[in-house]
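Biologist: Could you walk me through the reasoning behind some labels on this structure? I would like to see how each name follows from the numbers.

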Amino acid sequence: MQLVVGRIGRAHGIRGDVSVEVRTDEPELRLGPGAVLLTDPASAGPLTVESGRVHSGRLLLRFAGVKDRNAAEALRGTVLISEVDPEERPDDPEEYYDHQLIGLDVVLLDGTRVGELTEVLHLPYQDLLTVEKADGTEVLVPFVTQIVPTIDLENQRAVITPPPGLIDPEDADVVEDAEDVEDARGASEEPEESE
C-alpha cells in the first residue's frame, strides 16, 4: 500500500537540500536516511534520502544524486510516497493510518448506523472524518476523542458521540438572534443567593 508522506518545497542552499512539507506522523521512519520514496510525478523518482535535518522548524532533506540548487528546485512540488505493508500499525495505539479507517462503519453509542467512513481530511488544526450516510449525503466529523471515543479495527467500526445537529441538522439547537443568545445565557446561569 502507498502512503503520501510529504511534498517537496523550495530548494535550500546550494548543495541540493530541499524543504519538505511533512504529511506523516512518523517522519523519522518514512523520511529517514536510506528511505526510498516513490514520487508523483513518477518521472521525478524514485528518490533515496541521503540525509535530513530540521532547520528553523522545517525538515530539510538531501536526496542521492541531487547535488545542486537547480536539481533541487526541479523537484519542487513533487509528492513523496512510501510503500507500507497494509498490516503495519503505528507504534502508538491511539494513532491510525488513513487506510485503516477508510471503509469503517460509523455508529452511535447505541449501535445505530450513521454511515461509512470514506475519507480522512488532515487540516492544520484538526483532522476530520468524512462519513457518507445511507441517503448519500456527507457529514464531516471532527476526529477528536470527545466525538470519536472508539475506533474498533477488529470489528471494523468507529463509534461516535456527535453533538446535536452534527449528523442531522434538524436536531441542532438554533439561536435566531442576539436577544435569543442573551435569553439562552440567562437561562443557563444560576441566580446568586443573597444572605
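Modeller: Happy to; this is a predicted model, and we can take the labels one by one.

Biologist: Let's start with exposure. Why is Ser56 called exposed?

Modeller: Its relative accessibility is 66%, and exposed means over 50%, so Ser56 counts as exposed. Ser56 lies in the loop between E4 and strand E5 (58-63). There is something else to look at here: Ser56 has a positive phi of about 50° although it is not a glycine.

Biologist: And why is Gln156 called partly exposed?

Modeller: The relative accessible area of Gln156 is 39%. Buried would need a value under 20% and exposed one over 50%, so Gln156 falls in between and is partly exposed. Gln156 also has a positive phi, near 55°, and is a residue other than glycine. You will find Gln156 in the loop between strand E11 (150-152) and strand E12 (157-160).

Biologist: What makes strand E9 mostly covered?

Modeller: Strand E9 spans residues 127-133, and 5 of its 7 residues are buried. Buried here means under 20% relative accessible area.

Biologist: How do you know that E9 pairs with E8?

Modeller: Two strands pair if there are at least two bridges between them. E8 (residues 113-122) and E9 have 7 bridges, in the antiparallel sense, so they pass that test. One facing couple is His122 and Asp127, the latter in E9. A hairpin of 4 residues links E8 to E9.

Biologist: Which strand does E9 join through 5 bridges?

Modeller: That is E10 (residues 138-142), and these two strands run antiparallel. Since pairing needs at least two bridges, 5 bridges are enough, so E9 and E10 pair. Leu129 has Val141 in E10 as its bridge partner. E9 and E10 also form a hairpin with 4 residues between them, and Gly136 in the turn has a positive phi of about 90°.

Biologist: What makes Glu138 exposed?

Modeller: Its relative accessible area is 55%, and the cut-off for exposed is over 50%, so Glu138 is exposed. Glu138 is found in strand E10, and a negative surface patch is formed by Glu138 with Glu116, Glu119, Glu132 and Asp135.

Biologist: One last thing: where are Pro41 and Pro46 found?

Modeller: Pro41 is in the loop between strand E3 (36-40) and strand E4 (47-55), and Pro46 is in the loop between E3 and E4 as well. A cis peptide bond joins Asp40 to Pro41, with omega about 10°. Gly45 and Pro46 are also joined by a cis peptide bond, with omega about 0°.

Conventions: Residues are numbered from 1 along each chain as its sequence is written. This is a predicted model: local features need pLDDT of at least 70, side-chain atom pairs count only at pLDDT 80 or more; totals for chains, interfaces and linings use all residues. Side-chain values use heavy atoms; hydrogens and water are left out. Buried means under 20% relative accessible area, exposed over 50%, partly exposed in between (1.4 Å probe, protein chains only). Patches are made of residues with over 30% relative accessible area and no salt bridge: like charges are joined within 9 Å, nonpolar side chains (Val, Leu, Ile, Met, Phe, Trp, Tyr) within 5 Å. Accessible areas come from the Shrake-Rupley method with a 1.4 Å probe; for residues, only the protein chains shown count as cover. A salt bridge is a side-chain nitrogen of Lys or Arg within 4 Å of a carboxyl oxygen of Asp or Glu. Lys and Arg count as positive and Asp and Glu as negative; His and the chain ends are not counted. The place of a charge is taken as NZ of Lys, CZ of Arg, CG of Asp or CD of Glu.
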